[in-house]
Amino acid sequence: MCGAESGYDRSEHTIVQSNIRLKNPPQSVNEDAVPTSSLDQADIDRLNLHGLSCLVGNRRQARRLVHLAQSAAQRLQYRRGAAYAELNECWLAYYGGEPEPPCASLHDYFQQCYDLEGAMQVAALQGAYASRRGDFAAAEQAFLEARMLAVQIPDSLHKFMLYARLGVDALNRGDTQEGPRNFLLALDIAERFGTPAHRVNSLSNLASSQHDLGNDEDAIPLLYEALDIIGTQKLKYQHTIVSANLAMCLLTTGKPAEALALLEPFYEWPEEDLAVRAFLFCIAAHAAIQLKQNETAQQLLARAERYATEAQDLEEQMHAWLVRGKLDLQTGDPLRALASLTQAHSLLSWTRNPFHQQQILRGLADINAQLGHWQDAYSFLQQYLAAFEESSKSARASRLLLRNLEKEMRDLKDERDKALELQAARESENLKLEHLNRELAHQILHVSSLQDSLKEQAMRDHLTGLYNRRHFESALNAILLETGTHTTIAIAIIDLDFFKRINDTYGHNFGDEVLIQFARLVESLLRGSDMLCRYGGEEFCLLLRDASSAVAAHKLEHIAARYRQLLIQQAPHSLSGCTFSAGIAEYPRHGAGRHELLMRADSALYLAKQAGRDRAMIAPL
């Protein structure tokens with residue numbers, strides 16, 4: 001689209017890909033055909049990736065994928081999947097012309113979990129909204145953050161979106177050098193990592209920037225190339241915007257009949273983006289005006305104005321007022337034309353787009369001259385000439401910049417090709433080495449497996465299968481080192497009451513069965529983050545993460561109740577009503593180190609025994 005943001009933005013997208021290179025468009029996913037209960041976290045990540053891919057060519061499908069990912073992520077309580085689905089939904093809102101959604105919590109989440117891709121996406125989204133509303137200072141700050149994150153991420157389609165957004169923002173700010181530069185960088189990434197839809201998007205953006213600088217001879221071949229890709233790849237969702245951009249260039253180069261003929265098939269085209277519709281009908285109305293088809297122009301312009309208002313798109317509202325002024329002037333109403341162009345001029349401060357700026361200033365100069373407002377006419381003419389001269393300089397500089405960048409990119413591609421050849425040669429040698437080392441690797445794997453088995457045996461109690469005391473104390477040291485003082489950990493030492501009496505009465509084999517049954521009972525009542533070990537003899541040690549001593553005491557009461565109900569059988573004996581005593585210590589309340597915590601828990605265990613056993617006591621402060 002040949003407008004400021006509208007001109008480069010209507011087919012832009014971003015893709016969350018986690019360093020996955022997509023060489024073909026993602027397959028369509030039917031939301032109704034995929035039960036969310038069958039999806040795991042990897043499936044949700046793929047849904048989010050595909051949903052963002054579809055933004056460039058099928059936003060209706062992208063919306064379905066977002067809803068599917070949100071439903072599945074909510075079921076699994078998968079925070080990362082839900083965050084990326086929410087980010088996709090924010091981009092859909094942006095492309096739909098909706099108000100900016102709150103995304104501070106998303107930004108905080110990605111920052112906290114060091115997800116550079118997600119953080120970059122949020123910063124780019126915030127910059128896009130700020131640029132759209134003309135708040136270029138906020139946009140610059142957001143895009144600066146995105147750039148700082150981008151340098152830490154390899155080239156991928158994540159950066160494709162960022163460069164495209166940076167190009168839009170640069171041209172909105174009137175930076176005619178950085179705009180095409182960023183679009184060329186996006187095109188380079190699209191060629192290396194993207195799909196045909198990404199290439200079409202980049203070509204359309206680059207062509208739009210060249211049109212607005214007056215380089216239609218460079219813009220038109222790019223748009224024809226994009227249309228060729230659309231035809232061979234059947235990318236119907238991009239057909240409208242590329243055709244409208246080409247019609248704008250044809251109109252500017254004095255071919256209104258060709259422009260109108262190009263647009264007519266799209267009058268009832270199922271285009272979801274209202275701003276794109278507004279743009280298309282503005283161009284069509286402008287072409288009809290040049291062909292003296294005033295009634296047709298009036299009908300087309302009415303549709304353009306309606307779509308621009310519904311989309312709340314200031315760029316296309318300004319465009320519509322500009323075309324309205326041309327129609328008013330042609331129908332012999334210069335006062336009304338002056339009012340229309342004045343309205344367009346009032347919106348010009350929102351964007352520094354050189355094409356619209358020159359059209360509006362020249363129109364105001366001509367109409368004021370017709371009305372005899374010579375001072376106003378002279379003022380607008382001076383502004384127009386200054387803008388034209390600046391645009392001409394920018395056009396020449398942009399053309400030279402494109403040539404230089406194209407040469408730089410060709411050189412970079414040659415270097416990449418040479419690097420790939422060297423890599424292929426190295427890979428061939430590596431295949432030979434791999435063949436020679438395969439048997440050795442098999443032996444190493446076998447030895448490693450034996451070592452792992454021995455290591456596991458060294459950490460486990462052979463009777464109960466629980467971790468032993470040595471491993472528990474090592475693990476406790478590590479946990480305390482990585483845990484901040486704001487997190488509580490409860491330690492409990494448990495001693496089975498009167499265990500020696502059980503051994504003496506029923507025999508050691510039955511005593512072993514008591515130990516085994518107790519261990520299985522406690523393990524069945526613990527969370528995955530908790531740890532139980534056999535501390536020695538009839539003593540066990542329990543670690544509860546994120547738990548206070550009070551919580552641990554409550555947990556031990558529940559375990560004790562289940563232990564009393566447990567019927568332990570080993571022919572010819574059976575036993576129930578067993579009890580235990582326990583001492584509890586809490587980190588960091590009772591100590592900052594392993595030795596101190598275990599000592600305090602052991603002291604509390606002694607107090608529990610002194611108090612009559614069958615109870616858990618918390619270490620006193």
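# Exercises on a Predicted Structure

D530 counts as buried because its relative accessibility is 11%, and burial requires a value under 20%. The model examined in these exercises is predicted.

**Exercise 1. Describe the surroundings of D530, beginning with its place in the chain.**

Solution.

1. Location: D530 belongs to the loop that runs between α22 (508–524) and β3 (531–536).
2. Side-chain partner: the side chain of D530 makes a polar contact of 2.7 Å with the side chain of R527.
3. Backbone partner: the side chain of D530 also reaches the backbone nitrogen of R545, at 3.5 Å.
4. Neighbours: when residues up to four places away in sequence are not counted, D530 touches L543, L544 and R545.
5. Result: D530 is a buried loop residue whose side chain has R527 as a polar partner and reaches the backbone of R545.

**Exercise 2. Determine how strand β2 is placed, and which strands it is joined to.**

Solution.

1. Burial: eight of the eight residues of β2 are buried, so the strand is largely enclosed by the rest of the structure.
2. Two faces: I489, I491, I493 and D495 point one way, while A490, A492, I494 and L496 point the other way. The residues on both faces are all buried.
3. Joined to β4: seven bridges connect β2 with strand β4 (residues 539–545), and the two run antiparallel. Within β4, C541 is the bridge partner of I493.
4. Joined to β7: eight bridges connect β2 with strand β7 (residues 580–587), again in an antiparallel arrangement. In β7, G583 stands opposite I493.
5. Result: β2 has antiparallel bridges to β4 and to β7, and I493 has a counterpart in β4 and in β7.

**Exercise 3. Compare the positions of the partners in the salt bridges R362 with D366, K609 with D495, and D614 with R564.**

Solution.

1. Principle: side chains of opposite charge can pair when their charged atoms come close.
2. Total: the structure holds 23 salt bridges.
3. R362 and D366: their side chains form a salt bridge with an N to O distance of 3.3 Å. About one helical turn separates the two residues, because they are four residues apart in helix α18 (residues 354–370). Both are partly exposed, R362 having a relative accessible area of 36% and D366 a relative accessibility of 33%.
4. K609 and D495: the side chains meet at 3.4 Å, N to O. K609 is in helix α24 (residues 594–610) and D495 in strand β2 (residues 489–496), so this pair ties together parts 114 residues apart in sequence. K609 is partly exposed at 25% relative accessibility, whereas D495 is buried at 6%.
5. D614 and R564: the closest N and O atoms of this salt bridge are 3.0 Å apart. D614 occupies the loop between α24 and β8 (616–618) and R564 helix α23 (residues 549–565), so the pair ties together parts 50 residues apart in sequence. D614 is partly exposed at 31%, and R564 is partly exposed at 36%.
6. Network: D155, K159, D188 and R192 are joined into one network by salt bridges that share partners.

**Exercise 4. Identify the largest nonpolar core and the residues with the most contacts inside it.**

Solution.

1. Extent: the largest nonpolar core has 56 residues, and V242, L263, Y267 and L300 have the most contacts inside it.
2. Main contributor: helix α14 (residues 274–290) supplies the largest share of this core, 12 residues.
3. A central example: L300 touches L260, Y267, F281, A284, A285 and A288, with residues up to four places away in sequence not counted.
4. A separate core: apart from the largest core lies another, of 46 residues, including L47, A119, F143 and L149.

**Exercise 5. Summarise the chain as a whole and state the confidence of the prediction.**

Solution.

1. Elements: the chain contains 24 helices and eight strands.
2. Burial: of its 621 residues, 49% are buried.
3. Contacts: among contacts with a separation of 6 or more, 68% are between residues 24 or more positions apart.
4. Confidence: the average pLDDT of the chain is 83, and 85% of the residues score at least 70.
5. Reservation: the pLDDT is below 50 over residues 2–32, a stretch that has 133 contacts in the model beyond near neighbours in sequence.

Definitions and conventions: Residues numbered from 1 in each chain as written. Predicted model: local features only at pLDDT ≥ 70, side-chain atom pairs only at ≥ 80, totals over all residues. Heavy atoms only, no water. Buried < 20%, exposed > 50% of the residue type's maximum accessible area, 1.4 Å probe, protein only. Polar contact = N/O pair within 3.5 Å; in protein donor to acceptor, adjacent residues only side chain to side chain. Contact = heavy atoms within 4.5 Å. pLDDT = per-residue confidence, 0-100. Salt bridge = Lys/Arg side-chain N within 4 Å of Asp/Glu carboxyl O. Pairing = 2+ DSSP bridges. Core = buried A, V, L, I, M, F, W, Y, C linked by side-chain atoms within 4.5 Å.
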